[in-house]
Amino acid sequence: MAQPKPPVAGEELTPEQRKFLEQKRAQQATAGEYRSDQGAYLKSGRQQKQERKEEVKAAREAARVPPQPMTRREFLNYAWGAATAVLLVEAGIASFMFALPRFKEGEFGGLFPLGPITGMPSADAPPVRNLDGQFWLSMDTDGLRALYRVCTHLGCLYEWKDQTFRFECPCHGSKFHKNGVYIEGPAPRSLDQFVILLRKNGEVVAQTTEGGQAVSSSDPDVEVVVDTGKKLNGPSV
Ligand code: FES
C-alpha cells in the first residue's frame with residue numbers, strides 16, 4: 001500500500017494524510033511524545049510533570065545556603081549548655097532517688113505501723129514477737145520498746161520464757177529482763193532495740209531516744225510505728 005504524501009504547511013490535508021497523521025501521533029504518544037500537525041514535538045503530561053519537578057528541585061538547590069562552619073564561640077556556648085543540662089538532669093535524678101524510701105513499709109529495714117497505742121500489750125503481759133520486723137514489742141511501766149530479736153553475744157535468736165518471765169538465749173545462756181537489760185551470760189551488752197515513733201495525724205510527737213528509753217503516751221489517738229532502719233545498740237555491761 002502506497003504511503004500518502006507528507007503534508008505541506010498551509011495545504012489542506014487529504015483524508016489519507018489526516019489518517020496517517022493520527023496513526024503516527026498515536027504511535028508517538030505511546031512512546032511519551034508526538035508531533036503536532038506542524039511537526040513540532042509535543043510532550044506528554046507525564047513528561048511535563050517530571051520536568052516541572054526537576055525545575056523546582058533545581059530552584060531549591062540554587063536557593064539553599066551552604067552551611068557555615070561553627071565558630072569557636074558558638075562551639076563553646078553549645079558545649080557549656082550541654083554540660084549544664086547534663087548536670088541538672090543528674091542532680092534531679094539524685095534528689096529523686098534520695099527522696100525515695102529504701103525499704104517498703106512492712107519490710108525489714110523499713111517502717112512498721114502497728115496501730116493505736118491503746119492496742120499495745122499491757123505492762124504485765126508477755127512481749128509480742130513481730131517476725132517480719134525481727135523485733136519483740138515489750139511494754140513495762142516505763143513504756144514501750146521494740147527489742148531486736150538477735151542476741152548481742154553471737155547472733156542467735158533468743159526466746160521469751162514465761163516460766164522465768166525473761167528472755168533467754170539457747171546458744172550460750174545469756175539472759176535479759178523484759179525491758180532488754182542484761183542479766184547474765186557471755187553477751188557483752190543489753191539487747192539492741194529499734195526506734196519507736198509515736199505519731200499523731202502524721203506528725204511524730206515522741207520517739208525512742210539515743211539512750212534507748214521507752215516511749216509512752218496517754219493520748220489514745222497516738223499511732224505506734226517501729227522504724228527497723230534505725231537500730232540502737234544496748235548499753236555495754
Ligand atoms: S549467742 Fe546468745 S548467748 Fe551466745
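**Thr228, two cores and some salt bridges**

Let me start with a single residue, Thr228, which is buried because its relative accessible area is 6%, where buried means under 20%, exposed means over 50% and partly exposed lies in between, using a 1.4 Å probe and protein chains only. What we are looking at is a predicted model, in which local features need pLDDT of at least 70 and side-chain atom pairs count only at pLDDT 80 or more, while totals for chains, interfaces and linings use all residues. Residues are numbered from 1 along each chain as its sequence is written, and side-chain values use heavy atoms, with hydrogens and water left out.

Thr228 lies in strand E13, and here helices (H or I, at least four residues) and strands (E, at least two) are DSSP runs numbered from the N terminus. Although Leu111 is 117 residues away from Thr228 in sequence, the two are 6.2 Å apart in space, measuring from C-alpha to C-alpha. If we leave aside neighbours within four places in sequence, Thr228 is in contact (heavy atoms within 4.5 Å) with several residues, including Glu107, Phe112, Gly133 and Phe194.

Stepping back to the protein chain, we find 3 helices and 13 strands, and 28% of its 237 residues count as buried.

Which residues have the most contacts inside the largest nonpolar core? They are Leu137, Leu144, Ile196 and Val226, in a core of 17 residues, where a nonpolar core is a set of buried Ala, Val, Leu, Ile, Met, Phe, Trp, Tyr and Cys residues joined through side-chain atoms within 4.5 Å. Two or more residues of this core come from each of strand E5 (135-140), strand E6 (143-148), strand E11 (193-200) and strand E13 (223-232). Another core lies apart from that one and has 11 residues, among them Tyr158, Trp160, Phe167 and Cys169.

Phe167 also brings us to a sheet, since its bridge partner in E9 is Phe176. Strand E8 (residues 166-168) and strand E9 (residues 175-176) run antiparallel and are joined by 2 bridges; two strands pair if DSSP finds at least two bridges between them. The open sheet has 4 strands in the order E7-E8-E9-E10, with antiparallel pairing. Strand E7 (159-161) and strand E10 (182-184) each have a single partner strand and stand at the edges, so one side of each is left without a neighbour in the sheet.

Let me finish with the charged side chains, where the structure holds 9 salt bridges, each being a side-chain nitrogen of Lys or Arg within 4 Å of a carboxyl oxygen of Asp or Glu. One of them joins Glu159 to Arg129, with the closest N and O atoms 3.3 Å apart; because Glu159 is in strand E7 and Arg129 in strand E4 (residues 128-130), this pair ties together parts that are 30 residues apart in sequence.

A further salt bridge links Lys231 with Asp192, the closest N and O atoms being 3.4 Å apart, and since Lys231 lies in strand E13 and Asp192 in the loop between E10 and E11, the parts tied together are 39 residues apart in sequence. Is each partner buried or partly exposed? Lys231 counts as partly exposed at 38% relative accessibility, whereas Asp192 counts as buried at 3%. Finally, salt bridges that share partners join Arg189, Asp192 and Lys231 into one network.
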